[in-house]
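This report looks at a helix contact, a surface patch and a salt bridge. Please keep the model at hand while reading.

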Amino acid sequence: MAATHHGPGGRNADGPGQDRAESETAVSDRSESGRSASEGSGSGRSGSGRSRSDGGQSGRPEPVEGPFNRPESGEPSPRRPRAARGFDDRVFRLQLTATGVVVLAIMAAVGLFLLLRAGQALRVAKFSFFTTAAWQPDAHNFGIAAVLTGTLLIAAVAVAVSVPLAVATALFISDVAPRKLRRTLVAMVDLMAAVPSVVYGLWGLFLLQQNVIGLSRWLSDWFGWIPLFTVDGTQPGDPLASASVYTASTFIAGIVVALMVAPIQCSVMREVFAQAPAGEREGAYALGATRWGMIRAVVLPYGKGGMIGGTMLGLGRALGETIAVYMIISPVFVIQPHILQTGSNSVSALIALHYGDASSFGMSALMAAGLALFVLTLAVNFTASTIAARSRSGAQSEA
């Protein structure tokens with residue numbers, strides 16, 4: 001039997017490796033027990049914290065569902081505030097509704113009346129009513145080609161002259177003129193809009209016409225190569241040319257109508273220009289813009305709707321102007337595209353000229369011409385309202 005040697009401390013001298021293995025096993029056992037203890041304590045802490053939070057939530061009241069507090073599955077929708085309407089509000093709303101309905105009913109009644117009275121002439125003329133220039137209703141040879149062309153040319157000249165004048169006047173009143181002078185200018189413009197058309201007609205016939213002949217001659221001499229400014233029977237630069245070929249023309253009638261419609265256009269544009277945001281005006285000045293720069297960058301873009309609306313409102317009146325045009329022009333029943341040459345016509349002047357001596361069938365033909373003018377005016381106003389509503393000032397006014 002082999003002898004066993006013991007080292008110091010009573011340990012086995014032959015098993016140092018065994019001692020190391022036993023010590024490593026003990027250390028791993030202690031580390032595993034410490035890890036399990038820490039995990040147990042951590043789970044206990046998390047559990048206690050969760051239990052405390054659950055206990056805190058359980059003590060709170062349950063939220064009540066409402067228009068602004070709905071489950072997460074549906075998006076909240078704002079509630080539209082509604083004020084209680086009193087008796088006065090209901091009466092006012094009823095009056096506005098009734099007024100709008102009455103206006104639409106009157107327009108429909110006017111259109112229906114013209115259509116019924118014009119039915120006899122339209123059944124005879126059919127589509128040639130829009131292509132015939134002559135006006136002989138009793139011979140069944142009539143149409144509005146000539147008078148409709150003259151109406152459009154007079155209105156075009158009027159708008160070309162009145163729009164720059166109205167825009168410049170409106171900008172001067174709203175952004176340039178001193179405050180003390182603005183009220184006087186506004187009153188003067190409004191008074192010009194109230195002057196009767198017969199006064200403008202007399203002024204154009206006896207004062208304006210003889211002073212505009214020189215301008216007509218100059219335009220014919222220098223721009224006669226343009227068909228619109230051509231005058232038959234004259235030569236450019238001919239000093240012996242008669243002045244009578246320039247009188248009673250579309251150009252003169254258009255200038256008179258332009259001075260009639262410019263105050264209306266100016267009033268509409270002025271109101272819109274004055275409503276341009278003050279913050280944007282001051283911001284433009286703060287960035288170093290001049291007054292014209294501010295007007296170009298702020299006022300004109302904002303007032304685009306007012307400019308279009310005022311222009312079309314003046315165009316509607318220019319299309320239907322009667323007395324002033326009737327007093328100035330020399331009626332012709334041919335298509336006259338030369339605005340500087342004597343002779344022109346319009347639908348309203350045609351009705352005023354032949355209303356007194358028209359037969360039954362002739363009256364029906366005049367009603368057909370009035371119906372065409374009525375439809376044309378409605379189309380112009382509807383187009384203007386559509387374009388103005390898309391602009392910034394028009395959209396804000398609609399809101």
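Which helix gives the largest share of the nonpolar patch? Helix H5 (residues 197-223) does, with four residues, helices being DSSP runs of H or I with at least four residues, numbered from the N terminus. The model is predicted, so that local features need pLDDT of at least 70 and side-chain atom pairs pLDDT 80 or more, while totals for chains, interfaces and linings use all residues. Residues are numbered from 1 along each chain as its sequence is written, and side-chain values use heavy atoms, with hydrogens and water left out.

The patch lies on the surface and consists of Val198, Val199, Leu202, Phe206 and Ile323, which together have about 430 Å² of accessible area (Shrake-Rupley method, 1.4 Å probe, only the protein chains shown counting as cover for residues). Patch residues have over 30% relative accessible area and no salt bridge, and nonpolar side chains (Val, Leu, Ile, Met, Phe, Trp, Tyr) are joined within 5 Å, like charges within 9 Å. Phe206 has its place in helix H5.

The two elements below pack at an angle of about 130°, with their axes 7 Å apart; axes are lines fitted to C-alpha atoms over the stretch in contact, and angles run from 0 to 180 degrees between N-to-C directions.

| Helix | Residues |
|---|---|
| H2 | 87-125 |
| H12 | 360-389 |

The structure also holds three salt bridges, each a side-chain nitrogen of Lys or Arg within 4 Å of a carboxyl oxygen of Asp or Glu. One of them joins Arg281 to Asp175, with the closest N and O atoms 2.2 Å apart. Because Arg281 lies in helix H7 (residues 278-286) and Asp175 in helix H3 (residues 145-176), the pair ties together parts that are 106 residues apart in sequence.
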